Every structure is written in structure tokens, then in C-alpha cells.
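User: I would like to go through the inside of this protein, starting with any enclosed space and then the packing around it. Please reason each point through briefly.

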Amino acid sequence: MAYTWDNRVKYVVRYMYDIDNNGFLDKNDFECLAVRNTLIEGRGEFSADAYANNQKIMRNLWNEIAELADFNKNGEVTVDEFRKAVQNVCVGKSFNDFPTCFKVVISNFFKTVDVNGDGMVGLDEYRLDCITRSAFADVKEIDEAYNKLTTEDDRKAGGLTLARYQDLYAQFISNPDESCSACYLFGPLKVVQ
């Protein structure tokens, strides 16, 4: 159940976008994401220029997501609305065929996971990313998920490149196959209530 397409979409809403944890997406979540991304990218330092850039990106992102998914135009995107939008514009498509808003957010998430800024997401960064969303009793759970996610070539290269991350994220929300390696992009998943 944890790796079904439906649960993966719920996971994205709950753990990636719903920053204020109110159960739906709205403009506030994307304002909070601008602050969060600025601090993560700056490793705790706050740059007004980086924040202004992140604000612009996140406001545009919210506007595009609201256009695609706020079907009743109430200023909130529910999990069901988001699921329907992803199904309409992402399922069965590759990263390059996604709407701009999805491509932008995926690329920005890569920057927040690549904390050392080397252009690769290695095991250490993957571990850090996983523990920000879930509790684990043993690091082996995370390491096993990383090994299921990555190929031998990924590991030899030192981790996931931006292009590989984009492809995996796209598969995470567009591929209904529960056994695809992309299911492990965000670590071992739990069923989202």
C-alpha cells in the first residue's frame, strides 16, 4: 500500500508541499517553501536576494498549481484535486513533458537535497532528506531504499545528478508501477492517512 501511485501522490502533498500541515495546499504553503528553500540553500544563512528569487519562483508555482488543480477556485488545493491534476497532466509522461510548475519545483527540491552543492545527491544527503519527513529506528532502512533507488552507475558516480533526480521524481508521480525504483526517491514510505 505504501508504494501505490495514490499513496505516492498523497505523500507528495503531505510531506513536500503542505508545509503548514493544514491538510491542503494554499498560497501560504508556497510562501513558507520560499523561506525554507532559502535557508536550506544558504545552509542556515538568509540571503535577501535568494529569498526574493525563491519567493518569485514559489508564487509562480502556486499560481500554476492553483490553475491546474484548484477546480472549485476556493484558493485551496485538496489532496483529491491535486491527485486529479497530476493524473491529467503527469501520468504516463516524462519530466520534459510535465507542466513548467512541476519542472520548477522538482529542480528546486533537488537543490534543497543537494546540501553540499556538488550537483549530486549522495547517500549522506539522501539520509538527511529522508529523516526530515519520517522516523526510522535503523539507518539500514534508509540505506536499503537508497540501494533500491539507485543504479550501480549512480553509486559509482557518487549519487544522483539533477537529470537523474528529475527523471526519478517524474516517475514517482507519473508511473503507476509499484515496483519501479523511483518509488524510493523519498526513502521508505509509510501509508499516508
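**Cavity and core**

Analyst: The largest cavity holds about 40 Å³ of space. The model is a predicted one.

User: How many cavities of 30 Å³ or more are there?

Analyst: A cavity here is a set of points where a 1.4 Å probe fits but cannot get out. With the volume cut-off set at 30 Å³ or more, the count is 1 cavity.

User: Which helix gives the most residues to the lining of the largest cavity?

Analyst: The lining consists of M16, R36, F109, T112, V113, D129, R133, Y165 and F186. The helix that spans residues 100–113 contributes 3 residues to this lining, the most of any. That helix is α5.

User: How many of the lining residues are charged?

Analyst: Arg and Asp count as charged, and R36, D129 and R133 are among the lining residues. The lining also has 5 nonpolar residues and 1 polar residue. The number of charged residues is 3.

User: Is R133 buried or exposed?

Analyst: R133 sits in the loop between α6 and α7. Its relative accessible area is 11%, and the limit for buried is under 20%. R133 is therefore buried.

User: Which residue's side chain makes a polar contact with the side chain of R133?

Analyst: Leaving out residues up to four places away in sequence, R133 touches Y11, Y15, M16 and F186. The polar contact asked about joins two side chains at 2.8 Å. The partner of R133 in it is D129.

User: Which helix supplies the largest share of the largest nonpolar core?

Analyst: This core has 59 residues, and Y17, F82, Y165 and Y169 have the most contacts inside it. Helices that each supply at least two of its residues include α1 (5–17), α2 (27–41), α3 (48–69) and α4 (79–89). The largest share is 8 residues, and it comes from α3.

User: Which residues does Y165 touch, not counting residues up to four places away in sequence?

Analyst: Y165 lines the largest cavity and is also one of the residues with the most contacts inside the largest nonpolar core. Contact means heavy atoms within 4.5 Å. On that basis, Y165 touches I106, F109, F110, V113, L160, L185 and F186.

User: What is the exposure class of N60?

Analyst: N60 is in helix α3. Partly exposed is the class between under 20% and over 50% relative accessible area. Because its relative accessibility is 39%, N60 counts as partly exposed.

How values were computed:
Residues are numbered from 1 along each chain as its sequence is written. This is a predicted model: local features need pLDDT of at least 70, side-chain atom pairs count only at pLDDT 80 or more; totals for chains, interfaces and linings use all residues. Side-chain values use heavy atoms; hydrogens and water are left out. On a 1 Å grid over the protein atoms alone, a cavity is a set of points where a 1.4 Å probe fits but cannot get out, and a pocket is an open set with protein on both sides within 12 Å along at least five of seven lines; lining residues have an atom within 4 Å of a point. Grid points are joined across faces, edges and corners, and a volume is the space filled by probe spheres set on the points. Helices (H or I, at least four residues) and strands (E, at least two) are DSSP runs, numbered from the N terminus. A nonpolar core is a set of buried Ala, Val, Leu, Ile, Met, Phe, Trp, Tyr and Cys residues joined through side-chain atoms within 4.5 Å. Buried means under 20% relative accessible area, exposed over 50%, partly exposed in between (1.4 Å probe, protein chains only). A polar contact is a pair of N or O atoms within 3.5 Å; within protein, one must be able to donate a hydrogen and the other to accept it, and residues adjacent in sequence count only if both atoms are side-chain atoms.
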